[in-house]
Every structure is written in C-alpha cells, then in structure tokens.
Amino acid sequence: MNTKKALKDALYSIARVISPRLVKVIIYLRNIGVVNDLLKKQANAYTYTCNYPTFGEKRSIIYSIIAKNDYYYILKMKRQNNNKMRINPVKIIQFGLSEYNTFNVSRIIRSKNNAIRIADYLMDYMKDGVLQYNFDYPIYGTNYKINAPWGSAMAQGQVLSLFARINYITKNPKYIIAGKKVLETLDKKIEDGGFKTYFNGHPFYEEYPTKYPFYTLNGFMFCLIGLFDFYSCTEYSLSLKLFEDGIKTLKMILPYYDTTMFSLYDLGHIVQYKRKPLVNEKYHIIHINQLIVINSIEPSDIFKYFINKWSTFF
C-alpha cells in the first residue's frame with residue numbers, strides 16, 4: 001500500500017473518532033469550490049454532444065499527453081515490474097473523451113483526429129464487444145484481485161459515450177455498429193460473460209464483474225450515462241431499456257450508500273463478511289456530480305434529495 005495514502009487514511013480515521021465535525025470542516029475548506037461548481041451545473045441540460053464531464057477530478061497525466069502530441073504514448077505504458085504492455089481501457093477512453101472535449105471547445109483538428117483514432121483503436125481492440133483489461137487488478141478497498149482478462153461495465157459505458165460523440169462528428173455508422181456490440185454485453189448476466197447482476201431483483205451493471213458483486217456506485221452511474229448517450233445518438237431501443245432499468249435500480253439503491261459522513265464507494269461490506277463500509281472523499285464528489293448529470297437527464301426528487309444531502313456533508 002502507498003505509504004502516503006496509508007498515513008492519510010490513518011489520520012482521517014483518528015480525526016473521525018476525535019472530532020467528526022472537524023473532518024467535515026477540513027474537507028469543506030478543501031472542496032467548497034468544486035462542490036459549488038457542481039451544484040451550478042444542475043441548471044444545465046446534459047446532451048451526448050456536449051463536453052464529457054470530468055466530475056471535478058484533477059486532470060490526470062493521461063490528459064497531459066495532449067501536450068506530447070503523441071496519443072500512442074498511452075498505449076505504450078508498461079507495467080511496473082515487466083515489459084508487458086498494460087492496456088487500461090478506461091484510461092484510453094477517458095483520453096479520447098478529453099480530446100473530444102478539446103476539439104468541441106477549441107476546434108483543434110489534432111484533438112479531433114486523436115479522438116477518432118482512439119475510437120478506432122478501441123473498436124479493433126474489442127473482443128466480442130468487451131474491452132478487456134490484460135492485467136490482474138486489486139479491487140480498490142478490498143483484498144480481492146480480479147484476474148486478467150476481465151472487462152468492466154464502467155469501460156463499456158464510457159466507450160458508448162465516446163462512440164456516440166465520434167459518430168456525431170464523423171457521421172460514420174461503424175461506431176454505432178460497434179456500440180451495439182457493447183450494448184449486448186451489458187444485457188448479459190455476469191455468469192454468461194456480461195456485466196449484469198442484480199440487487200433485490202433490480203439489474204445493476206457491475207464495474208468489477210466478480211462472482212460476488214461489489215455494487216460499485218461510480219462505475220454503475222458512468223455506465224448509465226453511456227447508455228443515455230448512445231440512445232440519444234441512435235434511438236436504439238435496447239439502450240433505452242437498459243438505461244431505464246438502471247434508473248429504477250439507482251432510485252432504489254441510493255439509500256444503501258448513504259452515511260452520516262460520505263456516500264459509500266460500494267456495497268462490498270454487505271456481501272463480504274467483516275468488511276467495513278468503504279468511503280472515499282474523491283469518489284463522494286464524483287457521486288454528487290454524476291447524480292447532477294443524471295438528474296438533468298431524468299429529473300427525480302430522489303436524486304435531488306441525495307444531491308442536496310451529500311453536498312451538505314462538506
């Protein structure tokens with residue numbers, strides 16, 4: 001475990017015991033600007049042609065590759081201890097979406113071309129509609145490792161957002177054809193090679209498709225946004241059905257992620273014996289912003305309630 005992160009987590013744990021309110025004040029001071037920006041977005045309607053939202057995250061090194069004028073660098077990242085190429089679909093997709101955003105705002109042709117080439121690379125890399133991770137991955141906050149090759153509903157959803165946007169700027173139907181293959185995987189159960197599991201009888205698109213699901217919230221909502229983007233672009237009925245089913249699940253399941261401090265990262269503590277509830281400040285902000293986007297798509301008093309409640313945690 002990263003020493004700096006372990007120390008930070010330990011200090012937060014101690015502070016929560018000594019003075020939970022002090023922790024809230026510290027976090028509030030660190031994030032007030034971000035949260036205020038998120039709340040302002042409630043009035044803005046989301047569409048699949050607009051900039052893909054970064055959800056208040058700091059721009060990562062992946063996005064800084066733009067300055068290198070070499071998008072292939074992202075495909076050449078090596079694993080730490082060997083020379084094997086490490087393919088992380090989400091990072092590649094997010095770089096493609098970042099390049100789309102740059103083109104959408106500044107009309108920089110290089111960024112447009114990079115976004116298209118990344119979408120083309122992902123179409124070629126896809127196997128049976130699945131964007132596979134070719135390395136083992138320790139699931140955040142757990143002792144569980146998911147073995148390669150594996151896919152993620154988060155990657156599947158975000159690539160739908162990318163394909164919809166690239167189709168918009170190119171009018172090339174090949175991105176719609178590829179997106180429909182992705183959709184089919186989201187309509188399959190995990191045991192059948194897909195990403196759908198269930199919570200209290202409601203379908204849930206799983207970021208980590210393991211035997212015992214973790215019900216990771218941010219990955220699920222990224223997937224819902226992708227389903228909406230693809231339906232908006234194509235009016236394809238399966239995309240609408242999966243989106244509407246997921247919205248019903250989200251309304252039902254949100255209370256399970258609610259605490260007195262933060263929203264929970266996942267529900268692994270429910271399915272794993274003796275595992276503590278997992279919270280993370282960064283993902284709490286992402287959850288709020290995702291709900292703001294989803295509420296602009298599908299307004300709901302339930303979504304508004306948790307947007308307002310979770311924002312007051314700061």
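This passage describes the overall make-up of a predicted protein model, its helix α6 and the packing of helices α8 and α9. Local features were accepted at pLDDT of at least 70 and side-chain atom pairs at pLDDT 80 or more, whereas totals for chains, interfaces and linings use all residues. Residues are numbered from 1 along each chain as its sequence is written, and side-chain values use heavy atoms, with hydrogens and water left out.

The protein chain contains twelve helices and four strands, assigned as DSSP runs (helices H or I, at least four residues; strands E, at least two) and numbered from the N terminus. Of its 314 residues, 50% are buried, that is, under 20% relative accessible area with a 1.4 Å probe, protein chains only. The chain exposes about 15200 Å² (Shrake-Rupley method, 1.4 Å probe), and carbon and sulfur atoms supply 53% of this area.

Helix α6 comprises 18 residues (153-170) and spans 25 Å from its first C-alpha to its last, close to the expected 26 Å, a value calculated as 1.5 Å times one less than the number of residues. In α6, 16 of the 18 residues are buried. At the start of α6, a side-chain oxygen of Ser152 lies within 3.1 Å of the backbone nitrogen of Met154. Lys171, which follows α6, has a positive phi near 60 degrees.

The axes of α8 (residues 217-234) and α9 (residues 237-253) come within 9 Å and cross at roughly 145 degrees; these axes are lines fitted to C-alpha atoms over the stretch in contact, with angles running from 0 to 180 degrees between N-to-C directions. Contacts (heavy atoms within 4.5 Å) involve residues including Phe220, Leu224 and Tyr231 of α8 and Leu240, Phe243 and Gly246 of α9.

Definitions and conventions. A polar contact is a pair of N or O atoms within 3.5 Å; within protein, one must be able to donate a hydrogen and the other to accept it, and residues adjacent in sequence count only if both atoms are side-chain atoms.
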